[in-house]
Amino acid sequence: MSEYHLSKEDYDALEKFTKFFLVKAAQIIVQSRLGEKKTTKSKPISSGSEWVMHRFHLSIKDIPEVTVNAKKCIGDKKLLIDSPYVPFCVEISLRTPDRDTMTLETWCISFDDSVTDQTQRVRFYIYNRMSIVLRSLLCATRSTPTYQLSRKQSPDKYIICYRMYSGEPLVNHLGEHYSKKTIGSILTPIGRFVVNVAYRTRLTVSPQHEQQQNYNLALDIKDDHFTSGYRQTNFTTGDDDSSGGGYNDAQLPSEQNGSVPKSSPIEVMKRRHTSCDSEVSSSHGTPEKMYFSKLRAAFGPTIRDTPRTSIETPSSFSRQNSNNHNNFNNNNDDSDLPFLMTLQHDQQQQNDKQMEQEEEDIRSQTNFYMTGDNNETAPDDFILVEVKPFFGKSDSTDDLALFIRSCRQPPKLESFIVEPSLGETINQLSEELLVFESKVEEFDQLVSTLENNNKNFE
Amino acid sequence: AVEGRQIDEVVSCMFHTILFHRCVGKYHTKGEDSYSVGTLGYTDVDCDFIDCTYLHVTSQELQRAVAEKISQFHDALRSSDTARSGQITLEFYQKKKQRWVFSPESVPWEIWTVKIELMQLSNENERQFIREKLTDSLSERIFQITEIINRPDYVPKPSHLSELDLVFDTTFVDIQPYLFTISFSLDGPQNLSVGLAMRRLIKDAFGTSL
């Protein structure tokens, strides 16, 4: 443990720089997950009014909500440079419209007094070193898989959320093979800052699996969560001792990006199957193709409920964004849910119109199927099976093709075709009982031979 | 190993990441001992042939200077009949004043070398596979660069404000990078002189290869 003591001036400077450093780091991390490219100008001369934006000689415009959240998390406590050196963490997670979440990465800024360098000057050297580490952080945030994910986020697919907390970084919910990297470190006369990131490498999400992994996170979502009366939700955990402050969870804006959509690496297991028609096609290399259409009875069950659910989910999702956006505009209270610069009002109108159109389409479809008695026959059901066996003729009358078809369509068992009545079954059972009772002696002999055989083996 | 069309993006990604760390804001001197430092902006760049985004210092002059050199390397490598690989070097140096009328001596203090091997792919599946592999490899290189830069290694400091141009390139209008130069060479049969060979040996001894 270092026994070196900084002068009061140096200590105050270090404390101030540390707070600036933590807030800037949080800004960099959160802004990199907005889903858009950033551009800031290089300014040869920075004016006094832009001092906050140009700290560490880097042009990074601060988002007020992130600054508020970070300061709340840091609080008035001396987090890093005083014992017990509680780390500051920013967690990035993904949330689907079905409310499934997956933690993607955890950024951690920690301090320890195991390594010191008493020759380093606080006001010049450490300030410049912090600038270098922030630049490394800027580059590193573009290099993790989460960055590409964040560029493809949208309210229909998923959004990226962030969470700040004080305490040891939680990495258990990053999956089995998460990767950990050190971004940079800063030596001071009394200790060392270290910036790390742990990120998920496997991006497959299973809703049930995620629920099991929420081991000590209890969500307390109010009933008016998706209404205009929404306020910031405080998440409580079962392990409050490890956290030095409150949890501030907020979702990042889910702006549509203009880049060409690429294949998403995430496979999300959906709970509901919303497709009505399905077309089964064989994968590459298999010899068979089947096309079929589902039976649609004139008075069959409607398909209204399932599609409505899938429509409602994004609408409530987007309404949450717009309502919270209105809250943000109307209230300057720090307790409001921060950082909801999401859908614009006209975009919300477009979504509403789209949803109405889709609902009308579904209604029209159901009406079509429901009103089959209007002198319209149900669509004919047909099955076309085209068998193309390997090494065989393409003609379906070939022996091999017939054999394959007969194997795939075997006749039903007789017992499933002919079903006896209850009386016949009882009579049959009573006859069988009489036969068994008449042959009791044979059964006893069988049992005794089996016993003798066991004894011989022993 | 990369395809021809990926050369520019791979090299730009790494060189701009390095230059972003080896650049300071523009110094404005106010008198003999006081000065102010400008701020550095940054710009995200999406690659077209790799699934990667990197950032560079927002400075058209710097972009132009780096792009020109990388483009020359690209053209030389792709137009060569014999060489299928080459290396491009980003070298940071400082000037040391000489006595009398001799021009200042350039002494390298950090050398980054990127070795490129051209490959030709036959189908789209291979191309996609190489693209993904290259993306992962490039991400690893970025972390490697940040790790090396954050080591407590030597970085020159001007002893006085009047000697800024011995350490920094003060010709840029909006930024001030450390003095640097970009050079390249192609692998293959070359006529090496003793002087050239010795120079390479010394450079390799100081250099950091990627």
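Which residues does Lys95(B) touch, not counting residues up to four places away in sequence? In this predicted model, the partners are Pro104(B), Glu105(B), Ser106(B), Asp165(B), Leu166(B) and Leu179(B). Let's start from that spot and then work outwards to the interface.

Lys95(B) sits in strand 6 of chain B, which covers residues 85-96. One of its contacts, Leu166(B), lies 71 residues away along the chain, yet the two C-alpha atoms are separated by 4.8 Å. Is Lys95(B) buried or exposed? Neither label fits: its relative accessibility is 30%, so Lys95(B) counts as partly exposed, because that class lies between the limits of 20% for buried and 50% for exposed. As for confidence in the surrounding chain, chain B has a mean pLDDT of 84, with 86% of its residues at 70 or more.

Now turn to chain A. Its 458 residues include 40% that are buried, and its secondary structure comprises 11 helices and 12 strands. Sequence separation is worth a look here too: of the contacts in chain A between residues at least 6 apart in sequence, 78% join residues at least 24 apart.

With both chains introduced, we can look at how they meet. For the model, ipTM is 0.86 and pTM is 0.61. Chain A brings 39 residues to the contact and chain B brings 32 residues. Between them, about 3,100 Å² of area is buried, and carbon and sulfur atoms give 52% of that figure. On the chain A side, Ser42(A), Pro44(A) and Arg135(A) lose the most area to chain B, and together they account for 19% of what that side buries.

What about specific pairings across the interface? The rule finds 4 salt bridges between chain A and chain B. Asp46(B) forms a salt bridge with Arg151(A), and the closest N and O atoms of this pair are 2.8 Å apart. Polar contacts can be listed as well: 18 residue pairs across the interface qualify, with both residues at pLDDT 80 or more.

Which elements of chain A give two or more residues to the side that touches chain B? They are helix 3 (122-141), helix 4 (145-151), strand 4 (179-188) and strand 5 (191-199). Helix 3 of chain A gives the most, with 9 residues. By residue type, the side of chain A that touches chain B divides into 14 nonpolar, 14 polar and 11 charged residues.

Key:
Residues numbered from 1 in each chain as written. Chains lettered and ligands numbered in written order. Predicted model: local features only at pLDDT ≥ 70, side-chain atom pairs only at ≥ 80, totals over all residues. Heavy atoms only, no water. Contact = heavy atoms within 4.5 Å. Buried area = accessible area lost by both parts, 1.4 Å probe. Salt bridge = Lys/Arg side-chain N within 4 Å of Asp/Glu carboxyl O. Polar contact = N/O pair within 3.5 Å; in protein donor to acceptor, adjacent residues only side chain to side chain. Helix = DSSP H or I, 4+ residues; strand = E, 2+ residues; numbered from the N terminus. Nonpolar A, V, L, I, M, F, W, Y, C, P; charged D, E, K, R; others polar. pLDDT = per-residue confidence, 0-100. Buried < 20%, exposed > 50% of the residue type's maximum accessible area, 1.4 Å probe, protein only.
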